[in-house]
Amino acid sequence: MGNKDLSLRFESIKPLKSEDAFVPKSQNTLYIVFPKSTSKNFELVLTMLSDTRIDGKINLDNKSLIVSSFNINDTYQANLANTVISFVSGWKGSFYIYNGRKIEHPYQITRVLDCIAQANNCTNHLAHCMGNRFPERYILPCRQLNAYSFHFNKLIPATLEEQLQACSVEHGVDWCPYFDIKNFKKI
């Protein structure tokens, strides 16, 4: 596809009102927003998204941005979102929104999306999510947290569960639809 065809394709994307751009289609909608790019991968990204994943485009600070959305509880869509992020994360002006919250670090998103896709392929996602123990006296509600050191501080006026939930926020896994602090268990 030539530059002229690509420009026509970009121009044919329907405009969205900014206030309508991020109305969730489902409870677990991830929005990937990115600008028109001179990257050699821009055409590939548009092709991957086709018309089914592109919601439209918005103008923000006099820049046209493409809005695409994904239901991350669907394995195919979670994997596709991960692939798109791998291309657009280096493009200036790209950003990501999940349940009304801007997620700053693409690495955290791709790590969690990969984990969600794996959990979706399991008969029972809890077997995937809660598979690790840390330290050996606990079953954590998220296997991603096993990679981080966590120490309960009795001086902080918060329960062990509340401190662990705060740890999940700090490490960017709290937005996973499968994360549920109620699944934390002492052995």
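In this predicted model, V45 touches F34, V84, F87, V88 and W91, leaving aside residues up to four places away in sequence. V45 is found in helix α2, and its relative accessibility of 0% puts it among the buried residues. One of those contacts spans quite a stretch of chain: V45 and V88 are 43 residues apart in sequence, yet their C-alpha atoms are 8.3 Å apart in space. Two other partners of V45, F34 and W91, turn up again in a ring cluster, where ring pairs link F34, F42 and W91. Across the whole structure, the search finds four aromatic pairs.

F34 leads on to strand β1, which covers residues 29-35 and is mostly covered, with seven of its seven residues buried. Side chains in a regular strand alternate between the two faces of the sheet. In β1, T29, Y31, V33 and P35 point one way while L30, I32 and F34 point the other way, and all of them are buried. So what lies around these two sets of side chains? L30, I32 and F34, together with L113, touch the most other members of the largest nonpolar core, which has 43 residues. The elements that give two or more residues to this core are β1, α2 (42-53), β3, α3 (75-88), β4, α4 (106-120) and α6 (160-170). Apart from it lies another core, this one of seven residues, and Y31, V33, L65 and I97 are among them.

Next comes the sheet itself. Strands of a sheet pair through backbone hydrogen bonds, and they can do this in a parallel or an antiparallel way. Here, five strands form an open sheet in the order β2-β3-β1-β4-β5, and the pairing is antiparallel. The edges are β2 (54-60) and β5, each of which pairs on one side only. On average, neighbouring strands of this sheet are turned by 30° against each other, ignoring direction. On one side, β1 is joined by seven bridges to β3 (residues 63-71), and the two run antiparallel; Y31 has S69 as its bridge partner in β3. Four bridges join β1 to β4 (residues 95-98), again with antiparallel strands, and here L30 has Y98 as its bridge partner.

Y98 also stands opposite R101 in β5, and three bridges join β4 to β5, which run antiparallel. In the loop between these two strands sits N99. This residue has a positive phi of about 50°, although it is not a glycine. Is N99 buried, exposed or partly exposed? Its relative accessible area is 43%, so N99 counts as partly exposed.

Back in the largest core, L113 also belongs to α4. This helix has 15 residues and reaches 21 Å from its first C-alpha to its last, close to the 21 Å expected at 1.5 Å a residue. An α-helix has 3.6 residues a turn, so residues three or four places apart point the same way. The buried residues of α4 are Q108, I109, R111, V112, L113, C115, I116, A117, A119 and N120. Which elements cover the buried residues of α4? They include β1, α3, β4, β5 (101-103), α5 (125-129) and α6. L113 itself touches L30, I72, A78, A81, N82, I85 and W175, not counting residues up to four places away in sequence.

How values were computed
Residues numbered from 1 in each chain as written. Predicted model: local features only at pLDDT ≥ 70, side-chain atom pairs only at ≥ 80, totals over all residues. Heavy atoms only, no water. Buried < 20%, exposed > 50% of the residue type's maximum accessible area, 1.4 Å probe, protein only. Pairing = 2+ DSSP bridges. Phe/Tyr/Trp six-rings, centres within 6.5 Å; stacked < 30°, edge-to-face > 60°. Core = buried A, V, L, I, M, F, W, Y, C linked by side-chain atoms within 4.5 Å. Contact = heavy atoms within 4.5 Å. Expected span 1.5 Å × (residues − 1). Axes fitted to C-alpha atoms, helices over the stretch in contact; angles between N-to-C directions.
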